[in-house]
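Me: I am new to this structure and would like to learn how to read it. Can we go through it feature by feature?

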Amino acid sequence: MVNHSQTELIIEAGRTETQYWKDLWRYRELFYFLAWRDILVRYKQTVIGIAWALIRPFLTMIVFTVVFGNLAKLPSEGAPYPIMVFAGMLPWQFFSGALSECSNSLITNSNLISKVYFPRLIVPASAVIVSFVDFLVAGMILLALMAWYNFVPSWRILTLPVFILIAFAASMGAGLWLAALNVKYRDFRYVVPFIIQFGLYISPVGFPSSIVPQQWRFLYALNPMVGVIDGFRWAIIGGQAELYWPSFLLSLGLVILLFGGGIWYFRKTERTFADVI
Amino acid sequence: MSETVIRVENLSKKYIIGHQKQERYTALRDVLAEGAKSIGRKLLKPGKRVSDPGGEEFWALKEVSFEIKQGDRVGIIGRNGAGKSTLLKILSRITEPTSGRISIKGRVASLLEVGTGFHPELTGRENIYLNGAILGMSKAEIKKKFDEIVAFAEVEKFLDTPVKRYSSGMYVRLAFAVAAHLEPEILVVDEVLAVGDAQFQNKCLGKMGEVAREGRTVLFVSHNLSAVQSLCQTGIYLDSGKINTIGNISTTLAAYQQTVFDNSTGKSETIEVAQGQVKFTKWQLAGSLTQHEHSCYSREECKFVLTLVTRRQITGVNIGFAIWNSDEKLIIAASSLDGGKTYLSLEEGVYEFVFKVRLPLKSDTYHLDVSVNTDEGQLDRWQPATQLLVLPNLQTNLPEIWQGLLNEEVEFELQNVSTPILEGN
């Protein structure tokens with residue numbers, strides 16, 4: 001009992017814990033448990049339960065198909081319009097869900113933050129996992145749509161995990177920034193819904209980004225979700241959907257910057273979370 | 001065994017407390033406004049630094065240093081806001097110190113609140129796993145102790161009910177049960193015993209005593225002084241962020257009680273005695289070892305001095321004297337007639353009556369009850385607001401439930417009735 005872990009722990013002002021990443025690994029079980037709790041609680045005391053994760057994207061998809069595909073008659077890059085819309089909606093819903101869960105995660109767990117020690121990174125990370133589960137569930141709709149339209153994806157579908165990873169980094173990066181800022185400035189409580197609402201219009205969710213005039217496409221990619229969604233479409237639809245590489249690389253660069261910056265800012269501010277939350 | 005496990009050197013923690021600001025959190029607009037203001041100031045008066053007028057520094061801890069050895073049971077006491085909880089928070093790495101250094105050897109588990117992270121929607125079973133993980137237990141560890149935890153909490157029947165439907169007692173029992181089965185080398189506990197009924201509190205104290213007996217280091221913050229006294233052998237008395245007293249628990253507790261008492265005597269009454277009236281105006285203890293006129297040590301010979309003012313002549317006088325404990329139980333009563341003494345006759349003037357008594361009482365506050373009775377009936381009965389404080393001076397290892405009203409010294413001796421016959425010699 002007495003012999004193990006006799007390493008000496010030093011607590012000092014401004015000391016960046018060298019053990020942080022080791023601690024993160026040691027607390028991985030807490031990470032599982034928090035994610036498990038959030039998933040378990042998410043649809044408690046609802047009648048149709050997890051079916052909500054199917055219904056919401058399904059109805060949105062129908063609306064977008066009718067408005068953009070049937071009324072506005074936008075092009076669909078060679079695939080049935082619903083599949084084109086859904087290939088964009090999957091990452092978008094993942095991103096928006098993760099962003100709102102993540103940015104609120106520290107506030108909703110404030111009792112934990114102020115009473116127990118653990119690497120704080122666990123909280124927003126497990127919030128993203130919950131949205132990822134919704135993402136996987138919604139993915140089943142895509143499979144159903146493909147079966148319905150007899151749509152066979154090309155070899156590019158195999159690259160999808162890479163784009164999922166990019167979507168993950170984008171959600172996590174933005175989420176970390178907002179979560180850390182939200183602890184100190186509750187203004188971000190109002191900023192997040194705005195970002196999500198606004199983002200839906202400026203991201204190519206209901207329409208392909210190929211309809212954006214060529215000279216603007218590079219600038220358009222300043223929205224990192226443009227690269228993520230284009231990547232998803234490229235992998236899922238195949239065929240005519242072409243990746244506009246300069247804009248994709250710009251988005252990818254921004255995602256990496258967002259993710260790295262998010263971790264850096266979170267680590268910088270997390271030491272004072274318990275004092276200001 | 002007596003290796004130093006926690007060494008704290010010059011630990012300080014500063015908080016900035018905002019004055020006029022109402023919000024609990026900073027709003028972005030304030031930061032922007034302050035930023036703009038300070039730029040403006042720099043432009044107008046370059047080279048001059050202006051501090052933030054809205055904030056004031058508050059040192060929750062100031063230059064605190066101490067050492068804790070392996071297996072010590074340390075009680076941290078002090079008034080609200082003395083920095084006890086801040087100290088525990090820094091020790092358990094929840095918040096970081098402003099300056100100073102702490103080195104800790106061994107795994108620390110902190111229990112600053114019962115039921116941290118319990119989710120009302122989850123069942124008892126699920127919450128045991130969740131709470132265990134939050135407190136730092138591994139899944140395997142929780143699984144191993146699961147039955148023990150459930151038995152301790154006495155919630156077998158409700159394991160699959162969401163805890164939001166639990167009674168508050170069941171909730172607290174379950175929460176403490178999880179925490180009680182932690183096995184860290186250093187256990188940090190803050191005021192958790194303030195919840196639950198008396199029986200459960202005793203169970204918790206017993207469990208904590210058990211943990212301590214296993215040779216683990218325990219840091220315990222509580223306002224329940226007798227719990228601290230029964231559980232800990234060392235005490236740290238914090239007063240406005242600084243260490244006032246450190247050392248043996250009895251010494252520390254006595255020092256603490258003394259200051260608490262000094263602060264509460266400000267409200268002693270001044271009594272006006274009008275023409276024709278008879279009234280008690282003052283009471284005090286003379287010659288107590290505590291050097292304090294309203295407190296004494298348990299089992300010490302006490303001289304209670306009662307001052308009576310009479311503004312007329314009275315005859316057939318007897319003085320009554322009684323002491324009640326904080327549960328309104330009569331401890332002792334006496335009268336000036338006891339032992340066959342005669343009635344007194346008093347001229348107009350000021351008198352002092354002395355009751356000499358040895359009080360073998362447990363450490364607590366008591367209140368006096370005095371009266372002056374004559375042929376005409378009771379002329380005055382006075383229950384002074386200033387209470388009597390009895391301080392402990394007896395070392396005991398008994399837990400709180402085994403502390404009786406009396407704190408009398410009991411002699412113990414071992415007598416050998418027969419010596420065993422040593423065989424084979």
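Reply: Begin with a strand pairing that crosses from one chain to another. This is a predicted model, and in it strand β1 (residues 8-12) of chain A pairs with β4(B) in the antiparallel sense, over five bridges.

Me: Which residue of β4(B) does I10(A) stand opposite?

Reply: I10(A) faces S103(B).

Me: How many residues of chain B are in contact with chain A?

Reply: Contacts are counted on each side separately. On the side of chain B there are 37 residues, and they touch 30 residues of chain A. The elements of chain B that each give two or more residues to this side are α2, β4 (99-105) and α3 (124-134). The largest share, six residues, comes from β4(B).

Me: What classes of residue make up the side of chain B that touches chain A?

Reply: That side of chain B has 15 nonpolar residues, along with eleven polar and eleven charged ones.

Me: In what order do the strands of the open sheet in chain B lie?

Reply: Read a sheet from one edge to the other, by pairing. Here six strands of chain B form an open sheet in the order β5-β6-β7-β3-β8-β9, with mixed pairing. Its edge strands are β5 (108-111) and β9 (242-248) of chain B, each of which pairs on one side only. On average, neighbouring strands of this sheet are turned by 15° against each other, with direction ignored.

Me: In what sense do β3 and β8 of chain B pair?

Reply: Strand β3 (residues 73-77) and strand β8 (residues 234-239) of chain B pair in the parallel sense, over four bridges. One residue pair to look up is G75(B), whose bridge partner in β8(B) is G235(B).

Me: Which strands does helix α2 of chain B lie across?

Reply: Helix α2 (residues 84-91) of chain B lies across β3, β5, β6 (186-190), β7 (217-221) and β8 of that chain. The helix runs at about 145° to β7(B). Helix α2 of chain B is also among the elements that give two or more residues to the side touching chain A.

Me: How is chain B divided into domains?

Reply: A domain may be made of separate stretches of sequence. In chain B, domain 1 covers 4-22 + 50-260, and domain 2 covers 271-402. The C-alpha centres of these two domains of chain B lie 41 Å apart.

Me: What remains to be said about chain B as a whole?

Reply: Chain B has eight helices and 19 strands. Of its 425 residues, 34% count as buried. Among contacts in chain B between residues at least 6 apart in sequence, 73% join residues at least 24 apart.

Key. Residues are numbered from 1 along each chain as its sequence is written. Chains are lettered from A and ligands numbered from 1 in the order in which they are written. This is a predicted model: local features need pLDDT of at least 70, side-chain atom pairs count only at pLDDT 80 or more; totals for chains, interfaces and linings use all residues. Two strands pair if DSSP finds at least two bridges between them. Axes are lines fitted to C-alpha atoms, for helices over the stretch in contact, and angles run from 0 to 180 degrees between N-to-C directions. Two residues are in contact if their C-beta atoms, placed from the backbone, lie within 7 Å. Domain bounds come from an automatic or database domain assignment. A residue is buried if 20 or more other C-beta atoms lie within 10 Å of its own, exposed if 12 or fewer, and partly exposed in between; C-beta atoms are placed from the backbone. Ala, Val, Leu, Ile, Met, Phe, Trp, Tyr, Cys and Pro count as nonpolar, Asp, Glu, Lys and Arg as charged, and the others, Gly among them, as polar.
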